[in-house]
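Here is a walk through one protein model, written for someone who would rather think in side chains than in statistics. Have the structure open as you read.

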Amino acid sequence: MSKGVNIELLKKVMNQIIQEPETWDQSEWHSECGTAHCFAGWCEVYMKQDGTHNQWINAYHNAVSGLGIPNGLADYLFSPFRTKSELYLTCKAIISGEMHTYDQRFYNRACFGSDGFNSYGFDFDGFDRDGNQLEYKLL
């Protein structure tokens, strides 16, 4: 896993969800009353508290930036269908360093892995891990 992952923020969010599950609602960034948040929403709440929140971008991008994780992993963690156990196991794997290789169980519904690349080695924008753009040819 990237050395840039903000383990402290990851732990804060997961611990919040574990300790006060009634404040967690994975189906929306922030509830109307402001007392329940999804994983990314809680990242944003904690980022506002420590002054690292950017008011000009949305919760998704704030959380990706704050956590220091690739978009593929963010898509997995922030999915509205993610269960508490899936979040917990993923966070645990990130924290322990076990999630450092390309692992199919962390593919999102768009078929991108936790490292942001598909099984062919390209990211969502068509670039490979070396930064080379996919050459599209007519089939």
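A helix here is a DSSP run of H or I with at least four residues, and helices are numbered from the N terminus. Keep that in mind for the first pair: Lys-12 and Glu-8 are 4 residues apart in helix H1 (residues 7-19), so about one helical turn separates them. In general, an α-helix has 3.6 residues a turn, so residues three or four places apart point the same way. The side chains of Lys-12 and Glu-8 do meet, in a salt bridge of 3.8 Å from N to O. Glu-8 is exposed at 55% relative accessibility, while Lys-12 is partly exposed at 33%.

**The overall picture**

This is a predicted model. The protein has 5 helices and 0 strands, so there is no sheet to look for by the DSSP rule for strands. Along the sequence the pattern reads α-α-α-α-α. Of the 139 residues, 41% are buried. Take the contacts between residues at least 6 apart in sequence: 43% of these join residues at least 24 apart. The accessible surface comes to about 8600 Å², and carbon and sulfur atoms account for 52% of that.

**Two covered helices**

How many residues of H4 are buried? The count is 6 of 8, so H4 is largely enclosed by the rest of the structure. The buried ones are Gly-72, Leu-73, Ala-74, Tyr-76, Leu-77 and Phe-78. They pack against helix H2 (39-50), helix H3 (59-67) and H5.

H3 is mostly covered as well, with 7 of its 9 residues buried. Among them are Tyr-60, Val-64 and Leu-67, along with the small residues Ala-59, Ala-63 and Gly-66. The cover over the buried residues of H3 includes H1, H2 and H4.

Both ends of H3 are worth a look. At the N-terminal end, Asn-58 acts as a cap, with a side-chain oxygen 3.2 Å from the backbone nitrogen of Tyr-60. Just after H3, Gly-68 takes a positive phi of about 70°.

**Arg-82, a buried charge with partners**

Now move to the loop between helix H4 (71-78) and helix H5 (84-96), where Arg-82 sits. Is Arg-82 buried or exposed? Its relative accessible area is 14%, which is under the 20% cut-off, so Arg-82 counts as buried. Its side chain reaches the backbone oxygen of Tyr-76 at 2.7 Å. That side chain also meets Glu-86 in a salt bridge, 3.2 Å from N to O. Glu-86 is partly exposed at 28% relative accessibility. In general, side chains of opposite charge can pair when their charged atoms come close.

Leaving aside residues up to four places away in sequence, Arg-82 touches Trp-24, Gln-26, Tyr-76, Leu-77 and Leu-87. Tyr-76 and Leu-77 are already familiar as buried residues of H4.

The structure holds 2 salt bridges, set out here:

| Pair | N to O distance |
|---|---|
| Lys-12 and Glu-8 | 3.8 Å |
| Glu-86 and Arg-82 | 3.2 Å |

**Cysteines**

How many disulfides does the model have? The count comes to 0. Cys-38 is in no disulfide, and the nearest cysteine sulfur, that of Cys-43, is 8.2 Å away. A disulfide would need the two sulfur atoms within 2.5 Å, so this pair does not qualify. Cys-38 is buried, at 2% relative accessibility. Cys-33, on the other hand, is exposed at 60%.

**A nonpolar patch on the surface**

One last stop is on the outside. Ile-18, Tyr-88 and Leu-89 make a nonpolar surface patch of about 280 Å². Tyr-88 lies in helix H5, and its relative accessible area of 36% makes it partly exposed.

**Putting it together**

For a quick tour on screen, start with the pair Lys-12 and Glu-8 in H1, then turn to H3 with its Asn-58 cap. From there go to H4, whose buried residues pack against H2, H3 and H5. Finish in the loop at Arg-82, with its side chain reaching the backbone oxygen of Tyr-76 and paired with Glu-86.

Definitions and conventions
Residues are numbered from 1 along each chain as its sequence is written. This is a predicted model: local features need pLDDT of at least 70, side-chain atom pairs count only at pLDDT 80 or more; totals for chains, interfaces and linings use all residues. Side-chain values use heavy atoms; hydrogens and water are left out. Helices (H or I, at least four residues) and strands (E, at least two) are DSSP runs, numbered from the N terminus. Buried means under 20% relative accessible area, exposed over 50%, partly exposed in between (1.4 Å probe, protein chains only). A polar contact is a pair of N or O atoms within 3.5 Å; within protein, one must be able to donate a hydrogen and the other to accept it, and residues adjacent in sequence count only if both atoms are side-chain atoms. Contact means heavy atoms within 4.5 Å. Accessible areas come from the Shrake-Rupley method with a 1.4 Å probe; for residues, only the protein chains shown count as cover. Patches are made of residues with over 30% relative accessible area and no salt bridge: like charges are joined within 9 Å, nonpolar side chains (Val, Leu, Ile, Met, Phe, Trp, Tyr) within 5 Å. A salt bridge is a side-chain nitrogen of Lys or Arg within 4 Å of a carboxyl oxygen of Asp or Glu.
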